[in-house]
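Me: I would like to go through this model step by step, with the reasoning laid out before each value or name is given.

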Amino acid sequence: MTFKDLDVAAPILSALEKKGYTSPTPIQEQAIPILLAGKDLMGCAQTGTGKTAAFAIPIIQHLHNDPKRRKQKRAIKALVVTPTRELAIQIQENFTEYGAFADIRTAVVFGGVKQNAQVNTLKNGVDVLIATPGRLLDLMNQGFISLRDVTYFVLDEADQMLDMGFVNDIKKLLTKLPKQRQSLFFSATMPAPIVKLSNEILGHYERVTIQPQQTTAERVEQGLFFVNKSDKPELLSHIINTRKPASVLVFTRTKHGADKVVKYLSRVNITAAAIHGNKSQNQRQAALSAFKDGKIKVLIATDIAARGIDVSELELVINYDLPNVPETYVHRIGRTGRASASGASLSFCDAEEKPYLKDIEKLIKQTVPVLDHPFAEAFEDRPSAPAKKQNSRSRQGVHNGNKGEKSKKPKWRGPRRGSS
Ligand code: AMP
């Protein structure tokens with residue numbers, strides 16, 4: 001299957017070729033024909049499946065083919081609403097790339113920065129607007145944005161929108177959208193409130209489901225370290241020094257925690273940067289660019305800040321803190337092993353985090369293999385801990401979920417005692 005087989009127009013084919021995309025991903029293969037036919041779509045898919053191109057390509061093509069567009073002043077014809085600034089920037093970059101030869105003008109608006117530059121871009125006329133909900137409503141209230149001409153509406157990462165408390169903003173937005181439109185709704189998970197919201201947005205729709213969350217968990221190699229909270233910093237530097245990953249994204253639960261990790265790593269001569277909500281947009285972008293360019297190998301992030309991170313060939317994700325929402329674990333490890341690449345994820349679990357681990361393993365229907373490490377001996381409250389005298393090698397991979405069954409060694413080699 002090629003993009004040409006999907007009837008993608010020539011200028012877009014050239015742009016995709018320039019990007020090095022040779023064939024469509026499964027969601028693109030299924031969604032593009034539905035969207036080119038003008039139907040509404042519910043896409044159950046997460047970031048990393050190629051879903052941005054799945055919705056951007058047909059929208060660009062519709063705009064490109066619209067004979068009226070050239071004669072009129074540019075007006076916002078397509079609106080993409082997404083929960084975070086990083087994701088918004090990423091989506092705009094993609095629209096700009098895929099539409100490079102199709103005369104498409106895009107703009108992105110998000111909060112946390114001054115609005116002047118965004119307003120000026122809007123005044124010049126845009127075809128596609130990518131926005132986070134708060135700033136969008138704000139600029140609409142000030143009269144800088146009109147949704148009167150919107151014909152294509154995309155709600156991206158709907159489950160994350162609800163988690164982040166955007167539901168009222170979305171409802172307000174819906175009242176301002178023209179009734180006559182094509183609507184696209186994307187969510188990684190489909191709990192009841194999301195299905196309800198989708199019913200308010202979509203007309204008669206077709207559904208495409210790609211890679212349910214569990215398959216990410218299957219694709220990414222996972223390992224678990226039971227470790228005391230106080231030993232986490234040293235375990236992190238140990239892993240970075242022994243595995244020497246080309247790129248590692250480290251998740252902490254709090255912004256303060258992220259800053260503390262950066263400071264610790266700098267003391268042990270490991271350069272790292274943090275991105276989280278307390279950093280300015282410029283700082284975040286600078287850190288992200290340095291990470292993407294390989295100038296910084298270690299990026300520390302909180303969950304919300306990490307939503308839009310798209311780094312191809314991210315080698316390793318480390319859950320420095322386990323998330324208390326199990327779906328977040330799947331989102332996090334989905335940062336590695338994107339598109340067709342495979343990746344690894346290592347999680348630190350201290351005694352207090354064990355209930356979170358239980359929820360995660362229930363969700364992914366897997367038991368994450370336990371790996372040995374230099375601080376394992378010190379761990380208090382190690383589950384099903386073997387007798388104290390047992391050597392470290394025999395402890396490796398004990399946590400395989402089948403009570404009484406002898407554990408098997410994990411496929412890949414995590415750091416071990418004496419390995420550094
Ligand atoms: P997304 O799910 O939209 O965030 O895309 C995940 C990653 O896959 C991004 O880095 C895209 O640039 C990349 N990608 C999307 N479609 C294709 C394709 N057909 N071939 C190769 N890479 C792709």
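What follows is a set of questions and answers on the predicted model, moving from the whole chain to single contacts.

Me: How many residues does the protein chain have, and what percentage of them is buried?
Reply: The model is a predicted one, and its protein chain contains 18 helices and 13 strands. A residue is called buried when its relative accessible area is under 20%. Of the 420 residues in the protein chain, the buried share is 55%.

Me: What percentage of the contacts in the protein chain with a separation of 6 or more is between residues 24 or more positions apart?
Reply: Contact here means heavy atoms within 4.5 Å. Among contacts in the protein chain with a separation of 6 or more, the share from residues 24 or more positions apart is 76%.

Me: Is helix H5 largely enclosed by the rest of the structure or left open, and how many of its residues are buried?
Reply: Helix H5 covers residues 85-98 and reaches 20 Å from its first C-alpha to its last, which is close to the 20 Å expected for its 14 residues. Its buried residues include Leu87, Ile89, Ile91, Phe95 and Tyr98, but also polar or charged names such as Arg85 and Glu86. Helix H5 is therefore largely enclosed by the rest of the structure, the number of its buried residues being 11 of 14.

Me: Which residue of helix H5 is joined to lysine 19 by a salt bridge?
Reply: Lysine 19 belongs to helix H1 (residues 10-19), and its partner in helix H5 is 78 residues apart from it, which makes this a link between distant parts of the chain. Lysine 19 is partly exposed, with a relative accessible area of 35%, and the partner also counts as partly exposed, at 32% relative accessibility. The side chains meet at 3.1 Å, N to O, and the residue asked for is glutamate 97.

Me: Are lysine 51 and glutamate 157 buried or exposed?
Reply: These two residues form a salt bridge in which the closest N and O atoms are 3.1 Å apart. Lysine 51 lies in helix H3 and glutamate 157 in the loop between strand E5 and helix H8, so the pair ties together parts that are 106 residues apart in sequence. With the limit for burial set at under 20% relative accessible area, lysine 51 and glutamate 157 are both buried.

Me: Which residues are joined with aspartate 321 and lysine 232 into one network of salt bridges?
Reply: The side chains of aspartate 321 and lysine 232 meet at 3.3 Å, N to O, and both residues are buried. Through salt bridges that share partners, the network joins this pair with Lys229, Arg253, Asp350, Glu352 and Glu353.

Me: What percentage of the area that the ligand exposes when taken alone does the protein bury?
Reply: The ligand is surrounded by 15 residues, and the closest are Tyr21, Gln28, Gly48, Gly50 and Thr52. A ligand nitrogen is 2.8 Å from an N or O atom in the side chain of glutamine 28, while a ligand oxygen is 2.6 Å from an N or O atom in the side chain of threonine 52. Taken alone the ligand exposes 490 Å², and the share that the protein buries is 85%.

Me: Which residues does threonine 271 touch, not counting those up to four places away in sequence?
Reply: Threonine 271 lies in the loop between helix H13 and strand E10, and it counts as exposed at 59% relative accessibility. Its C-alpha atom is separated by 9.4 Å from that of lysine 295, 24 residues apart along the chain. The residues that threonine 271 touches are Ile296 and Val298.

Conventions:
Residues numbered from 1 in each chain as written. Predicted model: local features only at pLDDT ≥ 70, side-chain atom pairs only at ≥ 80, totals over all residues. Heavy atoms only, no water. Helix = DSSP H or I, 4+ residues; strand = E, 2+ residues; numbered from the N terminus. Expected span 1.5 Å × (residues − 1). Buried < 20%, exposed > 50% of the residue type's maximum accessible area, 1.4 Å probe, protein only. Salt bridge = Lys/Arg side-chain N within 4 Å of Asp/Glu carboxyl O. Near = heavy atom within 4 Å. Polar contact = N/O pair within 3.5 Å; in protein donor to acceptor, adjacent residues only side chain to side chain. Areas by Shrake-Rupley, 256 points an atom, 1.4 Å probe, with all protein chains shown as cover.
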